[in-house]
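Grab a coffee and work through these short exercises with the structure open beside you. Try each task before reading its solution.

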Amino acid sequence: MVFDWIWLIPAFILGLVVGLFVAGALAARRLAEAHADNNKLKEMALSVKGPAHARETNNKLLIPPPMIGDQTAAKWAMTHYAGRPTLGAGYADDPQYGVWFEITKKMYAAGAGDLGVFRHFQFKDLAALERKFTAMLFMLLDVGIREKTVAKLAEVHKDLDITPREYAVVINALYSILQEYKMPQNVLDTVAKAGAALKPVIVRSASVA
Ligand code: HEM
């Protein structure tokens, strides 16, 4: 009688082992598939953006932003000059760029006094250019200038036929205005450095006066 059902025990154990093996194999296959999908997604993401390291080296930081204490000069100036009483008189303030917008407007006003410089801006949207230049100045003093920005500036100015003299008028005007505002020396140095670095890509030919 006992022998009638005793064979059920090894059969049950065998069934359990086979069941576990099949379940394990299925789970392993699903894991491998998920892993492959994940790798494919990663590859796709990398092919679009490139690895973080490559992105960094493809767009090298050429001029780092000057620091005032633990703040970038761009941000420091926003609060430092917030209560300025007289220098900003007559110039509409900009909530986003504060004193930098004011400085840019003064630079364009000084540039317009020179006929050579003025000819370039005759048919341009000056208000838009002032905002773009302000954003560029803020970028220089907040995150610095990278290779791709220099390439972009070269592209934008390449057909403008700007002479070295005209370039000097604009950069010198900016530098004197920054001095007038008593900007820290490292801000003046960074602007001078950017002015020198950008000259060959903005001016039509360094050999023509
Ligand atoms: C370091 C010096 C300079 C910087 C950083 C600079 C920056 C810029 C920027 C950000 C723009 C806007 C580009 C865009 O539309 O996306 C621009 C356009 C322009 N810049 Fe400059 N600029 C510089 C020097 C000069 C000088 C010296 C002149 C002329 C004397 C000049 C004349 C112009 C003109 C005419 C445009 C308008 C181009 C167009 O709309 O076709 N720039 N510049």
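**Helix 10 and the ligand shell**

Before you start, note that this is a predicted model.

**Exercise 1.** Work out what the buried residues of helix 10 pack against.

*Solution.* Start with the partners: the buried residues of helix 10 pack against strand 1 (61-63), helix 4 (73-80), helix 7, strand 4 (145-146), helix 8 and helix 9. Next, pick out the residues themselves: V187, T190, V191, A194, L198 and I202 are the buried ones in helix 10. Now look at the spacing. In an α-helix there are 3.6 residues to a turn, so residues three or four places apart point the same way. Finally, check the length: helix 10 has 18 residues and spans 25 Å between its first and last C-alpha, close to the 26 Å expected at 1.5 Å a residue.

**Exercise 2.** Find which elements build the shell around the ligand.

*Solution.* First, count: 19 residues surround the ligand, and H120, K132, V156, E166 and V170 are the closest. Two or more residues each come from helix 6 (115-121), helix 7 (126-142), helix 8, helix 9 and helix 10 (185-202). Helix 7 gives the largest share, with four residues. Then sort the shell by class: 13 residues are nonpolar, three are polar and three are charged.

**Exercise 3.** Decide whether L160 is buried or exposed.

*Solution.* Locate L160 first: it sits in the loop between helix 8 (147-157) and helix 9 (164-180). Now count neighbours. L160 has 12 C-beta neighbours inside 10 Å, so it counts as exposed; the cut-off for exposed is 12 or fewer. One last step: V203 is 43 residues from L160 in sequence, yet their C-alpha atoms are 8.4 Å apart in space.

Technical notes:
Residues numbered from 1 in each chain as written. Predicted model: local features only at pLDDT ≥ 70, side-chain atom pairs only at ≥ 80, totals over all residues. Buried ≥ 20, exposed ≤ 12 C-beta atoms within 10 Å, placed from the backbone. Near = placed C-beta within 6 Å. Nonpolar A, V, L, I, M, F, W, Y, C, P; charged D, E, K, R; others polar. Expected span 1.5 Å × (residues − 1). Contact = placed C-beta atoms within 7 Å.
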